[in-house]
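Reader: Please present the model, after which I shall put several questions about its chains and the contact between them.

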Amino acid sequence: MTSSAWGLLALFLVLLGLLAWPVGKFLAALCNERVPRWMQRVEAPLYRLSGTRPEQSMHWLRYAFALLAFNAIGAIFVYALQRLQAWLPLNPAGMAAVSPDSAFNTAVSFVSNTNWQGYAGESTMSYLTQMLGLSVQNFFSAATGIAVAFALVRGFARRGDGKGLVGNFWADITRVTLWVLVPISFVLAVVFAGQGVIQNFDAYKEVSTLETTAFQQPRNGADGQPLKDEKGQPVMEDATTKTQTLAMGPVASQEAIKMVGTNGGGFFNANSAHPYENPTALVNLLQMIAIFLIPAALCFTFGHVVGDMRQGWAVLAAMTVMFVVAVIVITPAEQAGNPLLTPLGVDQMHGALQAGGNMEGKEVRFGIDASSLFAAITTAASCGAVNGMHDSLTPIGGMVPLVLMQLGEVVFGGVGSGLYGMLIFAMLAVFIAGLMIGRTPEYLGKKIEVREMKLISIAILVTPILVLAGTAVAVIADAGKAGIANPGAHGFSEILYALTSAANNNGSAFAGLSANTPFYNGLLALAMWLGRFAMIVPVLAVAGALAAKKRLPVTSGTLPTHGPLFVSLLIGTVLLVGLLNYVPALALGPIVEHLVLWK
Amino acid sequence: MDIVWMGALLALWAVVGAMVVGLDRLDAPKNPSSKASNAADGAAS
C-alpha cells in the first residue's frame with residue numbers, strides 16, 4: 001500500500017472513533033429507555049395518536065409481529081407509489097409507472113435495507129417516489145435494524161424476568177428515527193449541499209456539449225421495438241448529438257440517509273460515482289465515515305448497556321481487524337493494475353500525475369486509494385453505495401467485497417444488523433470454546449443452551465442457503481443465464497455477487513448482469529426478504545430467551561469475553577463459519593479469473 | 001399483474017410469520033429440566 005493509502009485509512013479510523021463514541025453513548029440512553037423529558041414531550045402526541053404505551057415492554061413474539069407488520073405495510077406503500085407515480089405530483093420528467101416486477105423488487109429492496117437497484121433512478125423514479133417511498137424507507141429500514149439490535153442487547157442486559165420482554169418496538173423505532181437518524185441526516189445533507197450535492201425540484205436540463213458526441217443506439221422497427229439480427233443481437237445504428245440531459249432532483253437529502261442508514265441506494269444510477277451525489281474529496285470522506293458511524297457506535301452502545309465497556313471494545317476490535325485486513329488486500333490488488341496492459345506499454349505506476357494501477361471503472365478524482373477504501377467500507381457495512389464500478393475491480397480486488405458480504409455483514413455491517421450478526425457469532429464462539437474445555441457456554445452471564453444454539457444455527461445458515469441455492473438456480477435457468485454479459489468465470493462472479501449482495505442486504509452490484517427482468521426481480525426479492533427477516537426472527541427469539549434468563553455471576557471458570565484471546569476466537573469463528581460455505585463458489589469465480597489473468 | 005406480485009409479498013410475509021410462530025414453540029419446551037439442559041449443567045459442574 002502507498003503511504004497515501006495508509007494515511008487515508010488512518011485518518012478515516014481516527015475520525016470514525018471520535019464521532020462514534022458520543023453517538024454510541026446517546027444510543028445507549030435510548031436503548032436503556034432513558035429519554036430526556038423534553039424529548040418525551042415531543043414523542044407523546046405520536047404515541048397518543050397511535051394508541052401506543054412506550055413504557056410497555058413487549059414479549060419477543062409481539063415485538064416480531066409488530067416489526068413484520070410495520071415493514072409489510074411499508075413494502076405495500078412503496079409498491080403502490082411506484083405503480084401510481086405517473087398520476088401523482090412531483091414528476092417533472094413525466095416518469096411512467098414502474099413495471100410490476102421492478103416495483104416489487106424495489107419495494108422489498110428498500111424495506112429490507114438492501115437497496116439493490118435493478119432500475120436507473122434518473123430514468124425511472126419521480127421525485128415523489130424517491131422522497132416519499134425510497135427515502136422514507138431508508139429511515140425506517142435503518143431504524144428497524146437498530147431496534148432489533150436494541151432488543152438483543154437488552155436480552156443480555158436484563159437480569160432475568162422469566163418473561164422474555166425485549167422492549168417496545170414502536171417506541172424504539174420512533175426514538176431511533178426521531179432522535180438519531182433524522183438529526184444526523186439533516187446536518188449531513190446541509191454539508192453535502194454546501195459542497196455541491198444538488199437539492200432541487202427542477203425539470204431535467206438540456207445543455208449543449210462542447211463537442212459533437214458520436215454513439216451507437218439500437219435501431220427500432222415500425223412497431224417501436226428494437227430490431228434484432230439473426231443471432232438475436234440488437235441491430236445498432238450510428239448517431240450523433242450536440243446536447244446532453246442533466247438529471248436534477250432532491251439528491252442531498254436522500255444522500256445523507258443513504259449513508260447514515262447503510263442503505264446505499266443512489267438517486268442516480270452511477271450512485272456515489274456521480275458528481276451530483278459525491279462531488280468532492282471531502283464529501284467522499286464524510287460519506288465513508290457516515291457509513292460506519294452507527295455500526296461502530298453500536299459497539300459502544302453494547303458496552304454501555306451491558307455495563308462492561310470492554311465487551312463493546314472486544315466486538316469493535318474484531319470488526320476493525322477484519323476490516324483493516326480487507327483494505328490491505330484490496331488496495332494493493334488494485335494498485336498492481338492489469339498485467340494484460342503492461343505488454344502494450346501502458347504506464348500503470350503511480351506517480352505525481354496519476355494514480356496508476358487499475359483505473360478502469362474508477363473516478364479519476366478519487367483514484368485507487370479512495371475507491372478501494374470505499375469499496376471495502378461499503379461492503380463491510382451492508383451499505384452498497386459505490387463510488388466506482390465493482391465489476392471493473394481486479395479478480396482479487398473484486399473478491400474482497402464478495403467475501404466481506406459473505407461473512408454475513410458483520411464487519412461493522414448494517415446499522416443494527418452488523419451488531420446483532422456479530423453477537424450471534426460471539427455466542428457461537430463461546431459455545432465452541434465451551435465444547436473445547438467442557439463447560440457450559442456462557443456469554444455475559446447468560447447460559448447459551450440448546451434452544452439458543454438451535455436459533456443461532458438457523459440465523460447463521462439462512463444467508464448461505466439463499467446465496468448458494470439462488471446462484472445454483474440462476475446458473476441453471478435459461479432466464480438466469482440470459483442476464484450474463486461476460487460469459488465464463490466473470491459471469492459466474494456476477495451472479496454470485498448479485499445473490500450475495502441481495503441475501504446479505506448489501507445492495508451493491510457487480511453490474512454487467514442484466515437483472516431488471518421478472519426472473520431476477522423475483523429471485524433477488526426472495527433473497528432480500530428472507531435474508532433480512534428470516535434472520536431477524538431467530539435473533540429476536542434469542543433476545544427473548546436471553547431476557548428471560550437470570551444473569552449469572554462471573555466465576556473463575558467463566559471464559560473472559562473481552563481480551564485478545566476472545567477477539568481472536570471471534571475472528572476465527574466468523575472466518576471459519578462465515579467463509580467456508582463459500583470457498584467452492586469463490587474458486588469457480590474470482591479465483592479462476594485471477595489465475596487466468598496472472599498465468 | 002399487480003395481484004400476482006402482491007400475492008408474492010403476502011406469501012413472503014406468511015413464511016416469516018410462520019417462522020415466528022414456529023420458533024416461539026421451539027422457545028417453549030414442555031419440560032424445562034430436559035435431558036439436554038441437565039447434560040449442559042452437568043458438564044459445568
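Reader: What percentage of the residues in chain A is buried?

Author: The model is a predicted one. A residue counts as buried if 20 or more other C-beta atoms lie within 10 Å of its own. For chain A, with 599 residues, the buried portion is 55%.

Reader: Why is chain A described as being as compact as a globular protein of its length?

Author: The secondary structure of chain A consists of 19 helices and six strands. For 599 residues the globule rule gives 25 Å, so chain A is as compact as a globular protein of that length, its radius of gyration being close to that figure at 24 Å.

Reader: Which helix gives the most to the largest nonpolar core?

Author: That core has 194 residues, and A:Ala376, A:Val537, A:Val539 and A:Leu540 have the most contacts inside it. Beyond its neighbours within four places in sequence, A:Ala376 is in contact with residues including A:Phe323, A:Ile330 and A:Leu404. With 23 residues, the helix that gives the most to the core is H17(A).

Reader: Which helix supplies the largest share of the side of chain A that touches chain B?

Author: The contact draws 28 residues from chain A and 22 residues from chain B. On the side of chain A, helices H3 (60-84), H4 (100-111), H14 (450-476) and H17 (518-548) each supply at least two residues. By class, this side has 19 nonpolar, three polar and six charged residues. The largest share, nine residues, comes from H17(A).

Reader: How many helices does chain B have?

Author: Chain B has 45 residues, of which 13% count as buried. Its strands number zero, and its helices number two.

Technical notes. Residues numbered from 1 in each chain as written. Chains lettered and ligands numbered in written order. Predicted model: local features only at pLDDT ≥ 70, side-chain atom pairs only at ≥ 80, totals over all residues. Contact = placed C-beta atoms within 7 Å. Helix = DSSP H or I, 4+ residues; strand = E, 2+ residues; numbered from the N terminus. Nonpolar A, V, L, I, M, F, W, Y, C, P; charged D, E, K, R; others polar. Buried ≥ 20, exposed ≤ 12 C-beta atoms within 10 Å, placed from the backbone. Core = buried A, V, L, I, M, F, W, Y, C linked by C-beta atoms within 7 Å. Rg over C-alpha atoms; globule rule 2.2 N^0.38 Å.
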